[in-house]
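Take a moment to look over the model below. Then follow the text from the DNA to the protein fold.

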Protein chains: 2
Amino acid sequence: MKDLTPGGDASAEGIARQLTEAVHEHRVLPGMKLSEDEVGEVFGVSRTIVRQALRSMAHEGLVTIERNRGAFVSKPSVKEAREVFEARALLEPQTARAAAERATAEDVALLEDHIEREHAALAAGEAGRALKLSGLFHVEIARVADQQTIEAFIQQLISRSSLVIALYWQRRNALCESHAHHALLDAFRDNNPDQAEELMKGHLVDLLSQLNLRDVPDEARSLRDALLG
Amino acid sequence: MKDLTPGGDASAEGIARQLTEAVHEHRVLPGMKLSEDEVGEVFGVSRTIVRQALRSMAHEGLVTIERNRGAFVSKPSVKEAREVFEARALLEPQTARAAAERATAEDVALLEDHIEREHAALAAGEAGRALKLSGLFHVEIARVADQQTIEAFIQQLISRSSLVIALYWQRRNALCESHAHHALLDAFRDNNPDQAEELMKGHLVDLLSQLNLRDVPDEARSLRDALLG
DNA sequence: TAGGCTAAGATTGTATACGATCCAACATCG
DNA sequence: CGATGTTGGATCGTATACAATCTTAGCCTA
């Protein structure tokens, strides 16, 4: 069987990237099983490669591997969800500041294009794709700041945030993000570090406030519902 | 061939842990090749397991895998060295603050024991072991702060700091660290977050100042030495 | 003698085979 | 009828075999 996937190659990294993208777009949800045979069949590679990809994703916290049971898309606990946003609060504001100090016209144009595509996806009803682009915006900021080490951390945190959003997001007020991103873009364009840092800090608080981290994480609730219903 | 290693099991994680420890103790140095066959023979496992371990370490930045060439202990560039300490500067002071807020008597006792073992190793002339424990102290602080996500990041940064130290450390004034760790311990014992944060900030600045990040990274220099000698 | 080419050896990349473990359906017994 | 034990299938864990690639030593040529 040959490569069915036009979007990427069949290396371990390529498969990990495509699976990660699917998680970011919420096409693959927390708790879903990623069978080695099944993934291998989809991408036309042997289990050897799939295992490499899955272990790589496990290292990022995106999947959880249970011995002799297989790989599942991770379901972050409430505590883990909080930790992810606490880590982001430590890393991202300073990174936004550094990005605002260094941002060139090209950087701003690239970020602007990013926001535009995010809007286009939203307009086209592709909510998942918009969500993915929204996360990628944060990674791009780290790239502009020229901080590869921190960029890798933020990329991981964005991935895990996708899982958190899938589990704990409450529907109401869905589209305040693009506004925040636009404001950040302005700060970058003006090379205004103070404003960029503050905006990012506020943006992260906003994101966190839109999560419902009080309820039980979906599994126990479904059990209770089953017992009560 | 059976397990030759009394200190740990022969799983991929166990081998990665033991290799990582060897790097922390500077028994394995940057640039050294980690041949799959050789590592497998030492630990008595097949290449399958070794490959898992090496890829895991590659993900942490500890080893670099070059396709069809093999795995080598990473040699961080000057830029990467700076980035590692910049990331630590973002994460560790706040983490020390949180640890100081939460530290219990048991936590303090455990950290104290840690410092004591560091001193003992230094007194016994086991500089590598002391260095490893010195790094682990920082990881333990994140554990006390009850921040597993950040702890994982710090662990990675500590590992990479070991590589940076191996490459860029300048010998003079070798033992100011234990003093800084003692001061931090006092701040934890007193539950003094402000002091802990400031001490950690200063400690990281001290560490960075003891590195020589201006020279070329060892390879060109050894070539030059060879030509001049 | 220096430079480049070739071939053999060594090392990694990938697929596959086999054993171990888990899970679910079914049968059996109380 | 319900609970428990058993058996078959499915899935994962590990080792090994083979192919692809790189390295190096030796040889040839200018």
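**Two chains on two DNA strands**

Helix α3 of chain A and helix α3 of chain B each supply at least two residues of the surface near DNA strand D. Here, a residue is near a strand if one of its heavy atoms lies within 4 Å of it. Helices (H or I, at least four residues) and strands (E, at least two) are DSSP runs, numbered from the N terminus. This is a predicted model, in which local features need pLDDT of at least 70, side-chain atom pairs count only at pLDDT 80 or more, and totals for chains, interfaces and linings use all residues. Residues are numbered from 1 along each chain as its sequence is written, chains are lettered from A and ligands numbered from 1 in the order in which they are written, and side-chain values use heavy atoms, with hydrogens and water left out.

Stay with DNA strand D. The largest share of its surface comes from α3(B), with three residues. Which residues come nearest to DNA strand D? Of the 15 around it, they are Arg47(A), Arg51(A), Ser46(B), Thr48(B) and Arg69(B). Sugar and phosphate make up 68% of the atoms of DNA strand D that come within 4 Å of the protein. By class, this surface has one nonpolar, six polar and eight charged residues. The classes work like this: Ala, Val, Leu, Ile, Met, Phe, Trp, Tyr, Cys and Pro count as nonpolar, Asp, Glu, Lys and Arg as charged, and the others, Gly among them, as polar.

Now look at single polar contacts. A polar contact is a pair of N or O atoms within 3.5 Å; within protein, one must be able to donate a hydrogen and the other to accept it, and residues adjacent in sequence count only if both atoms are side-chain atoms. Arg47(A) reaches a base: an N or O atom in its side chain is 3.0 Å from a base nitrogen of DNA strand D. Glu36(A) uses a polar backbone atom, 3.5 Å from a phosphate oxygen of DNA strand D. Arg67(A) has a polar side-chain atom 3.5 Å from a sugar or linking oxygen of DNA strand D.

Turn to DNA strand C. Among its 15 surrounding residues, Ser46(A), Thr48(A), Arg69(A), Arg47(B) and Arg51(B) come nearest. Sugar and phosphate account for 69% of the atoms of DNA strand C within 4 Å of the protein. The side chain of Ser46(A) has an N or O atom 2.6 Å from a phosphate oxygen of DNA strand C. For Arg69(A), a polar side-chain atom lies 2.5 Å from a phosphate oxygen of this strand. Arg47(B) has a side-chain N or O atom 3.0 Å from a base nitrogen of DNA strand C. The elements giving two or more residues to this surface are α3 (47–59) of chain A and α3 (47–59) of chain B. α3(A) gives the most, with three residues.

**How the chains are related**

Two copies of a chain are related by a rotation about an axis and a shift along it. Here a rotation of 180° with 0.0 Å of shift along its axis superposes chain B on chain A, with an RMSD of 0.0 Å. That is the relation of a two-fold axis. In chain B, the C-alpha of Leu90(B) is nearest the axis, at 3.2 Å. Copies are superposed by least squares on the C-alpha atoms of residues with pLDDT of at least 70 in both.

**The sheet in chain A**

Three strands of chain A form an open sheet in the order β1-β3-β2, with antiparallel pairing. Two strands pair if DSSP finds at least two bridges between them. β1 (33–34) and β2 (63–66) of chain A stand at the edges, each with a single partner strand, so one side of each is left without a neighbour in the sheet. Two bridges join β1(A) to β3(A). One partnership links Leu34(A) with Ala71(A) in β3(A).

On the other side, β2(A) pairs with β3 (residues 70–73) of chain A over four bridges. Glu66(A) has Gly70(A) as its bridge partner, and Thr64(A) stands opposite Phe72(A). β2(A) and β3(A) form a hairpin with three residues between them. In its turn, Asn68(A) has a positive phi of about 65°.
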